[in-house]
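Please open the model in your viewer and keep the selection panel at hand. The stops below go from a sheet to a ligand site and then to a single side chain.

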Amino acid sequence: MKILVCAKQVPNTKNVTTDPVTGRINREGVESILNPDDANGLEAALAIKDANPGSTVTVISMGPDQAKEMLIECMAMGADDCILLSDRKFGGSDTWATSNAIAAGIKKIGDFDLLIGGRQAIDGDTAQVGPQIAEKLGIPQVTYAQDIKIDGKKVTVQRQLEDGYETIEVQMPCMITCVKELNEPRYMNIGRIYDAYDHPERITVWGFDDVDIREDETGLKPSPTNVFTSFAPAPKGAGKMLEGTEQEMVDQLFAEFKEKHII
Amino acid sequence: MGRLKEDRSDRSDWKGVWVFAEQRQGVLNSVAIELLGEGKKLADDIGTELCALLIGENMGDIAKDLIAYGADKVYVADAPLLKNYTTDGYTNVFEQAIEAYKPEIILLGATHIGRDLAPRVAKRVTTGLTADCTHLDYDSTKYTDFLAAITPAKVADKKIEDNAYNLKMTRPAFGGNLMATITCGSCRPQMATVRPGVMDKATRDDSRKGEVISLDIKLSEADIRTKVLEIVKTAKDMVSLTDAEIIVSGGAGLGSADGFKLMQEFADAVGGVVGASRAAVDAGWIDHSHQVGQTGTTVKPKIYFACGISGAIQHLAGMQNSDIIVAINKNEIAPIFEVADYGIVGDLYKVVPMIIEAWGKNA
Ligand SMILES: Cc1cc2nc3c(=O)[nH]c(=O)nc-3n(C[C@H](O)[C@H](O)[C@H](O)COP(=O)(O)OP(=O)(O)OC[C@H]3O[C@@H](n4cnc5c(N)ncnc54)[C@H](O)[C@@H]3O)c2cc1C
Ligand SMILES: Nc1ncnc2c1ncn2[C@@H]1O[C@H](COP(=O)(O)O)[C@@H](O)[C@H]1O
């Protein structure tokens, strides 16, 4: 089985801070990581490969050169090879333009059985790129996968809902996006880390001219959405710290509630 | 299809504010009522009509309900093939409806269905999509006022002018560390998914009049490439955090799963619903369906009691719009106190029983 995995390098937003005046992200010192949901996607692919000997797992990413670090991590987990789409002409893409570029990369790779991605990336938080790649490729999608079963060309997916799940059947080739409840991503294997560094040729870099895409399909200008402005969220005006013993504080609280007709 | 010409003269071909009236098994999702509330404001500012798109099979009186909640027109696609949500079935309906009626704006709830459907539709009709919005403006003055109230950041007048006829869609990104306003100036329709629980619900008025229009949809079995085998509810009841007027939320400070017994007692006493921070959910003390925050539910109750919650930015993102926030925490420098209207530094196991007692006497 030929499995493709979409993975993105993202800043670890848990440690991100913003400048309250300019609203810019303080990028210095923020580590870049493999997007968490994508690690679940890669794990799903590797588990299918383990169960179906002879399968291959190829990771495809779009991003600047430094995304290679993340791809090495993917190979150290067990991916066979990687494609990095990197070109200044891709930069500034919104999800529409990003999905065009990644779909062009996938078309160049050729036939595949399964395309797996994360539900969403923790920087943009859009969850749009997966479905938009599927649409561009003209294949069906199942998002929010929390369980995947393979039977020949038939895939049965539990799709997470807010209050439960639905079970969905779909035929390959298809796109599946994964949530963290799907699995526990495996650790990198030390031997494979060395191996990945020793075989840089397993990461193929494609630029704009290497894939079948037009200038009006990717990058900043053709992107339908624009970031109009960005700013740090305003902290709500500080309230009142109540004082005294615990009982006194509770009494004050209810005095305030009454005065303001809250209860 | 969605691209506007360079000179933008064809902009006026696109008219009306549409909301997707998401229903599951014949029950209208409450986010649809929030979208109608927000959509009405936008439609009034633009001077256009508010329409709802309803997709499914045998949906009873939902179309009437949508009119009562403010829709001037309800477009209905009713067919056996649309009984359950499928990406392909609904995308095809959307595409045909957009082609036929050319709406200027389309809002969908950022639910597990909305976030599956909207990107596919946007891509199909070649337009942009802004994810998970928490604030929308059409009117430029209202937008500048909104910005001025929450940030010292300024936007150039020229930029505002250029976007006078574009929807300004504001959303959190980078895990809630950053807010961004997105516009979609070169394509129509302008599409956004809207975070559930954030916008004010429309008020119901059964005397409202509206038109129900049946869509003539071309759809065959072969168009739908996924099969829904079953739909399973695991949460005992949908924990209706979004509708709750009072929420009592517990965090890591509870110390153990047992702490949620006190929280339940608290909720029962004040007529509220139990919420939780991610830390408490990850510790396995309570089900994920109770989680409030960026990756859980966004809430806006009249009173939010945060008990033993430190106030990580991802939690704050989901509750800071509550009318009144009361924080109880041992640690006086916990970030939760920065958003709290009333802060109580103390042991929640002492304070909560006192609040329960005082509530009984006062309410
Ligand atoms: C605050 C914010 C909110 C957003 N909201 C939306 C939204 O609602 N809807 C929407 O459609 N989009 C939105 N976007 C854009 C969307 O997030 C991006 O398409 C995607 O998630 C990458 O974001 P980025 O910050 O990496 O963007 P950028 O840094 O502008 O990069 C865009 C894409 O190009 C790639 N890239 C960057 N440099 C290079 C390079 N040298 N070579 C190759 N590739 C490169 C990136 O990896 C990325 O995939 C938003 C972006 C931001 C910053
Ligand atoms: N630049 C990229 N390269 C590869 N995959 C991506 C890229 N951007 C997004 N994806 C995939 O799409 C998913 C959703 O991303 P997003 O729409 O940005 O939230 C990610 O988890 C990845 O699987």
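Select strand E14 (residues 246–250) of chain B together with strand E16 (residues 303–307) of chain B, which pair in the parallel sense over five bridges; two strands count as paired if DSSP finds at least two bridges between them, and strands (E, at least two residues) and helices (H or I, at least four) are DSSP runs numbered from the N terminus. To fix the register, pick B:Ile246, whose bridge partner in E16(B) is B:Ile303. This is a predicted model, in which local features need pLDDT of at least 70 and side-chain atom pairs count only at pLDDT 80 or more, while totals for chains, interfaces and linings use all residues. Residues are numbered from 1 along each chain as its sequence is written, chains are lettered from A and ligands numbered from 1 in the order in which they are written, and side-chain values use heavy atoms, with hydrogens and water left out.

Now widen the selection to the open sheet of six strands, ordered E15(A)-E18(B)-E17(B)-E16(B)-E14(B)-E15(B) with parallel pairing. The edge strands, each pairing on one side only, are E15 (240–241) of chain A and E15 (273–276) of chain B.

Add helix H6 (residues 246–259) of chain A, which lies across E15 of chain A and across E16, E17 (324–329) and E18 (342–345) of chain B, running at about 170° to E18(B); such angles run from 0 to 180 degrees between N-to-C directions, with axes fitted to C-alpha atoms, for helices over the stretch in contact. Helix H11 (residues 348–362) of chain B also packs on the sheet, where H11 touches E14, E16, E17 and E18 of chain B, contact being heavy atoms within 4.5 Å.

Next, centre on ligand 2. Polar contacts are pairs of N or O atoms within 3.5 Å, and a backbone N or O atom of A:Val129 lies 3.0 Å from an oxygen atom of the ligand, while a backbone N or O atom of A:Gln128 lies 3.1 Å from an oxygen atom of ligand 2. The protein covers 97% of the 480 Å² of accessible area that ligand 2 has on its own, by the Shrake-Rupley method with a 1.4 Å probe. E6(A) gives the most to the surrounding shell, with three residues.

Finally, select A:Ser55, in the loop between helix H1 (36–51) and strand E6 (56–62) of chain A. Is this residue buried or exposed? A:Ser55 counts as buried because its relative accessibility is 5%, and buried means under 20% relative accessible area (1.4 Å probe, protein chains only). Its side chain reaches the backbone oxygen of A:Asn52 at 2.5 Å and the backbone nitrogen of A:Met1 at 3.3 Å.

How values were computed:
Buried means under 20% relative accessible area, exposed over 50%, partly exposed in between (1.4 Å probe, protein chains only). A polar contact is a pair of N or O atoms within 3.5 Å; within protein, one must be able to donate a hydrogen and the other to accept it, and residues adjacent in sequence count only if both atoms are side-chain atoms.
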